[in-house]
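This briefing is meant for a reader who is meeting the structure for the first time. Please look over the sequence and the view below before going on to the text.

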2 protein chains.
Amino acid sequence: MSEQERRPFVSARTVAERAGVSRSAVSRTFTDGASVSEETRRKVLEAASELGYHVNHLARGLRERSNIVCLVVADMTTPIRARLVDVLTRKLQAAGKVIMIINTGTDEESVASALRQTLNYRADATVVLSGTPSAKLIETSLANGQQVVLINRDDPLTGCHNLSVDNEMGGREAFFLLRRAGCKRLALVTSTASTASLLERERVFVEVAKEAGMDVTVMAAGPTNYASGYESARRLFGRSDGPDGVFCVTDLLALGFMDAARHEFGLSLPGDLCLVGFDDIDEGDWQSYKLTTFAQPFAAMGDHLVELLGQTVPAETGRRIFEPIPIWRKSVRPSAE
Amino acid sequence: MSEQERRPFVSARTVAERAGVSRSAVSRTFTDGASVSEETRRKVLEAASELGYHVNHLARGLRERSNIVCLVVADMTTPIRARLVDVLTRKLQAAGKVIMIINTGTDEESVASALRQTLNYRADATVVLSGTPSAKLIETSLANGQQVVLINRDDPLTGCHNLSVDNEMGGREAFFLLRRAGCKRLALVTSTASTASLLERERVFVEVAKEAGMDVTVMAAGPTNYASGYESARRLFGRSDGPDGVFCVTDLLALGFMDAARHEFGLSLPGDLCLVGFDDIDEGDWQSYKLTTFAQPFAAMGDHLVELLGQTVPAETGRRIFEPIPIWRKSVRPSAE
DNA sequence: ATGACGCTTGCACACAAGTGCATTTGCATC
DNA sequence: GATGCAAATGCACTTGTGTGCAAGCGTCAT
């Protein structure tokens with residue numbers, strides 16, 4: 001007992017001995033299309049079931065692809081991230097992949113160590129949902145035959161696939177929503193985490209507003225969360241002339257913003273203030289909020305991801321843009337024509 | 001090109017050839033405490049870095065433990081689940097484990113197939129956060145030397161560790177909170193998903209109330225989510241005498257309940273209605289809610305989990321109960337002595 | 001009866017690591 | 001310079017698979 005310690009995982013050899021056949025027979029029994037007689041197949045399956053045998057995919061992964069896909073993610077508790085992880089894991093599993101998750105920080109060193117682990121486990125592909133790996137790390141992954149997919153990371157990196165929601169369209173449409181609602185004093189609320197996605201939404205919103213001859217006050221009070229949105233509203237409405245039309249680059253920011261506007265300043269929506277978010281998290285549909293926003297088409301992105309990984313010959317890399325879907329609720333006045 | 005297809009993962013042999021040493025030397029370089037001269041170590045590291053070599057943990061896992069821990073979970077998008085997954089992945093990673101996630105349904109067949117996959121990948125341990133595996137499946141896992149840990153699944157299954165929040169205390173304290181607030185007409189809101197945890201909270205709450213001579217209306221309108229809480233409130237306040245003290249077995253239910261009470265029936269909290277939740281999700285602290293609730297001590301549970309898995313000799317199995325932490329906010333009147 | 005053909009089956013090798021054991025090397029001491 | 005000792009190194013075996021190759025066996029047609 002003290003000698004064998006703990007290696008009780010039953011292997012194909014044990015099954016073979018019990019079934020009175022060769023180990024090859026066991027292997028073939030569990031391989032589709034291999035040549036085994038009905039008789040030995042039966043014996044093998046019986047012995048396997050008695051012993052509780054399960055094929056060792058680690059060993060199998062030594063020869064062929066491992067079927068492991070690594071998800072690198074930070075801020076998993078954020079509703080939008082949780083949903084993305086949920087959708088992707090479901091779709092990947094359905095496609096026969098196994099998901100290894102690496103919960104990391106967004107700083108470069110954390111991502112780097114995550115990438116290295118991905119290689120240690122011979123993952124077929126790495127999907128990065130947060131943070132941005134260095135170009136060198138990606139090169140190493142590619143050199144090892146691994147696919148790299150970035151989701152909603154707009155940084156231009158060669159050699160990897162890039163799935164992203166159309167942030168440009170988001171920023172533009174958000175502006176038009178507010179203008180159609182007749183808003184005069186615009187503000188944009190973002191976070192101090194300068195993600196490329198968020199920056200893009202901000203850039204386009206401000207740009208389009210400027211083209212239309214309108215100024216935009218930009219506010220960033222902290223990380224991308226409820227509290228920062230709340231604080232942004234306090235600062236904006238603490239001034240003499242607060243905005244009457246606001247685009248929060250994230251729903252979470254928007255909900256915090258809305259709560260502060262209502263509870264601290266007694267504003268009502270969409271009367272005194274029109275508010276647009278981005279992401280379409282569940283909470284935005286709650287009765288206390290009913291936030292008008294844009295949904296990220298995660299299902300479509302997941303399908304595309306599966307398609308990419310399914311190809312034996314790696315597809316051409318590049319960007320693939322997905323249109324956000326406008327979700328009309330009650331935080332913006334209907335068009336005041 | 002068509003012949004070698006894609007197996008470009010660089011192995012120790014390639015590194016050895018490049019460095020002009022034996023493969024053993026490479027292996028030893030990456031093994032702590034192995035005997036290698038400074039000279040060859042340098043050569044190996046240099047070659048490894050040039051080729052982008054990473055030790056294959058799959059192959060390593062053939063001989064010793066794989067260091068893989070499987071997380072079986074459903075409803076990942078639920079805030080409380082997302083946080084649990086987040087905490088556990090962080091703690092396990094910090095302890096050198098690698099996390100494989102299986103996003104499954106709660107039905108027995110889904111869980112069974114998840115458990116099988118766990119075995120396929122020789123995970124050292126399986127941690128079940130949702131659903132309940134059959135006793136037979138658990139037996140197979142144990143027979144294969146795998147540890148099984150159930151979290152917040154109160155079902156009595158032998159051979160596996162059981163970490164759980166103290167639901168009994170939750171139900172009891174919830175009642176006392178409401179009684180101290182002077183509530184007369186009690187109700188309990190739960191879901192139609194009869195999880196052992198939820199049933200336990202319900203059972204104790206009703207029992208303690210009965211001992212104190214108070215009746216409890218029990219309401220379950222659907223799955224454990226916001227919408228069910230909302231619907232429960234509509235039904236309860238649609239009657240002649242709605243409750244003035246409610247325990248929702250989940251924060252998500254509580255938030256939906258609160259929104260309906262306020263927006264559909266114009267009730268104010270804690271004046272007309274006292275409300276207690278359970279879980280302490282972030283949303284409960286938002287300005288629109290400020291829900292009084294009980295926090296699940298996930299950090300402590302994670303620490304204990306790591307401790308369990310760290311032991312070379314599997315610890316004695318059994319239940320370990322963690323006390324929930326009362327979170328005072330504004331949905332319950334302060335004690336009316 | 002014999003050869004052809006097809007289905008099974010086992011051997012042996014490959015995959016990528018770690019490690020016990022024996023051998024070689026290097027260095028210091030007598 | 002020979003001897004002793006420790007450090008370094010390489011061989012070969014181990015882990016659990018999948019599979020090419022060749023041998024074995026049975027059936028059928030000539």
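Near DNA strand C, the protein surface draws at least two residues from each of α2 and α4 of chain A, together with α1 (12–19), α2 and α4 of chain B. The largest share of that surface, four residues, is supplied by α2(B). The model described here is predicted, and the points that follow treat the two DNA strands, then the packing of helices, and lastly some details of the backbone.

**The surface near DNA strand C**

- There are 27 residues around DNA strand C, and those that come nearest are S22(A), A12(B), R23(B), S27(B) and N56(B).
- Sugar or phosphate accounts for 53% of the atoms of DNA strand C within 4 Å of the protein, while the rest belong to bases.
- A base of this strand is approached by R23(B), which has an N or O atom of its side chain 2.8 Å from a base oxygen of DNA strand C.
- Phosphate oxygens of DNA strand C are approached from both chains, since a polar side-chain atom of S27(B) lies 2.4 Å from one phosphate oxygen, and a polar side-chain atom of S35(A) lies 3.3 Å from a phosphate oxygen of the strand.
- Sorted by class, the surface near DNA strand C consists of six nonpolar, eleven polar and ten charged residues.

**The surface near DNA strand D**

- Around DNA strand D there are 28 residues, of which A12(A), R23(A), S27(A), R60(A) and T40(B) come nearest.
- Of the atoms of DNA strand D that are within 4 Å of the protein, 55% are part of sugar or phosphate, and the rest are part of bases.
- A phosphate oxygen of DNA strand D is 3.0 Å from a polar side-chain atom of Y53(A), and an N or O atom in the side chain of T40(B) is 3.1 Å from a phosphate oxygen of this strand.
- With R63(B), the partner is a base oxygen of DNA strand D, which lies 3.2 Å from a polar atom of the arginine side chain.
- Two or more residues of the surface near DNA strand D come from each of α1 (12–19), α2 (23–29) and α4 (57–63) of chain A, and likewise from α2 (23–29) and α4 (57–63) of chain B.
- By class, this surface near DNA strand D has seven nonpolar, eleven polar and ten charged residues.

**Packing of α10 with α11**

- In chain A, helix α10 (residues 226–238) packs against helix α11 (residues 251–265) at an angle of about 45°, and the two axes are 6 Å apart; α10(A) is therefore oblique to α11(A).
- The crossing of α10(A) past α11(A) is right-handed, and the residues of this contact comprise twelve nonpolar, five polar and three charged.
- Among the residues that meet in chain A are Y230(A), L236(A) and F237(A) from α10(A), and L253(A), F257(A) and F265(A) from α11(A).
- In chain B, the axes of helix α10 (residues 226–238) and helix α11 (residues 251–265) come within 6 Å and cross at roughly 45°, which means that α10(B) is oblique to α11(B).
- α10(B) also passes α11(B) in a right-handed crossing, in a contact that includes Y226(B), A233(B) and R234(B) of α10(B) as well as L252(B), D259(B) and E264(B) of α11(B).

**Packing of α8 with α9 in chain B**

- Helix α8 (residues 167–180) and helix α9 (residues 196–211) of chain B pack at an angle of about 40° with their axes 7 Å apart, so α8(B) is oblique to α9(B).
- The crossing of α8(B) past α9(B) is right-handed, and among the residues that meet are F175(B), F176(B) and L178(B) in α8(B) and V204(B), F205(B) and V208(B) in α9(B).
- The contact of α8(B) with α9(B) divides into eight nonpolar, three polar and five charged residues.

**Backbone details**

- L269(A) and P270(A) are joined by a cis peptide bond, with omega about 0°, and P270(A) lies in the loop between α11 and β9 (274–276) of chain A.
- A cis peptide bond, again with omega about 0°, joins L269(B) and P270(B), where P270(B) is found in the loop between α11 and β9 (274–276) of chain B.
- R122(A), a residue other than glycine, has a positive phi near 55°, and R122(A) lies in the loop between α6 (108–120) and β3 (125–128) of chain A.

Terms used
Residues numbered from 1 in each chain as written. Chains lettered and ligands numbered in written order. Predicted model: local features only at pLDDT ≥ 70, side-chain atom pairs only at ≥ 80, totals over all residues. Heavy atoms only, no water. Axes fitted to C-alpha atoms, helices over the stretch in contact; angles between N-to-C directions. Parallel < 35°, antiparallel > 145°, perpendicular 65-115°, else oblique. Left-handed = near helix turned anticlockwise from the far one by under 90°. Contact = heavy atoms within 4.5 Å. Near = heavy atom within 4 Å. Polar contact = N/O pair within 3.5 Å; in protein donor to acceptor, adjacent residues only side chain to side chain. Nonpolar A, V, L, I, M, F, W, Y, C, P; charged D, E, K, R; others polar.
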